[in-house]
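Colleague: Could you take one part of this model and describe it closely, in terms that a first-year student can follow?

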Amino acid sequence: MRICILDGRKIKDRDMLHDTLAQSLKLPDWYGRNLDALLDCLTELQEETYVRMLWEEDLAIHLKGYEKALKKVLQRASEENPKVRWAVEQKRA
């Protein structure tokens, strides 16, 4: 299972977000480091995948609204690919 923890205390900008996603989920080299490319990658995954968003309020501050679009992508990916799950959690990693 692939697990990605998006910790709002540690992710300070979009670059860090995409670095974390690419490394944690072992995304392909062609990953374009944007939400469209993320959706493409997530819908093609063949392995069980779980994305955990922690400290959402901090993530919202650092990403300045981008986290809302990220949640939409995660939701759509989970609807299109049953192997992808995600959750916003208010507890520590």
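Modeller: Helices (H or I, at least four residues) and strands (E, at least two) are DSSP runs, numbered from the N terminus. This is a predicted model, in which local features need pLDDT of at least 70, side-chain atom pairs count only at pLDDT 80 or more, and totals for chains, interfaces and linings use all residues. Residues are numbered from 1 along each chain as its sequence is written, and side-chain values use heavy atoms, with hydrogens and water left out.

The part I have chosen is helix 3, which comprises residues 56-63. Which of its residues are buried? They are Glu56, Leu59 and Leu63, where buried means under 20% relative accessible area, exposed over 50%, and partly exposed in between (1.4 Å probe, protein chains only). Viewed down the axis of helix 3, these buried residues fall within an arc of 55°, so they line one face of the helix; the arc is that of the directions from the helix axis to the C-beta atoms. On the other side of helix 3, Glu57 and Ile61 are exposed. The cover over the buried residues includes helix 1 (14-24), strand 2 (49-54), helix 4 (66-80) and strand 3 (84-89). After helix 3 comes Lys64, which has a positive phi, near 50°.

Among the elements that give cover, helix 1 contains His18. His18 is itself buried, with a relative accessible area of 3%. Leaving aside neighbours within four places in sequence, His18 is in contact (heavy atoms within 4.5 Å) with Tyr31, Arg33, Asn34, Leu35 and Tyr66.
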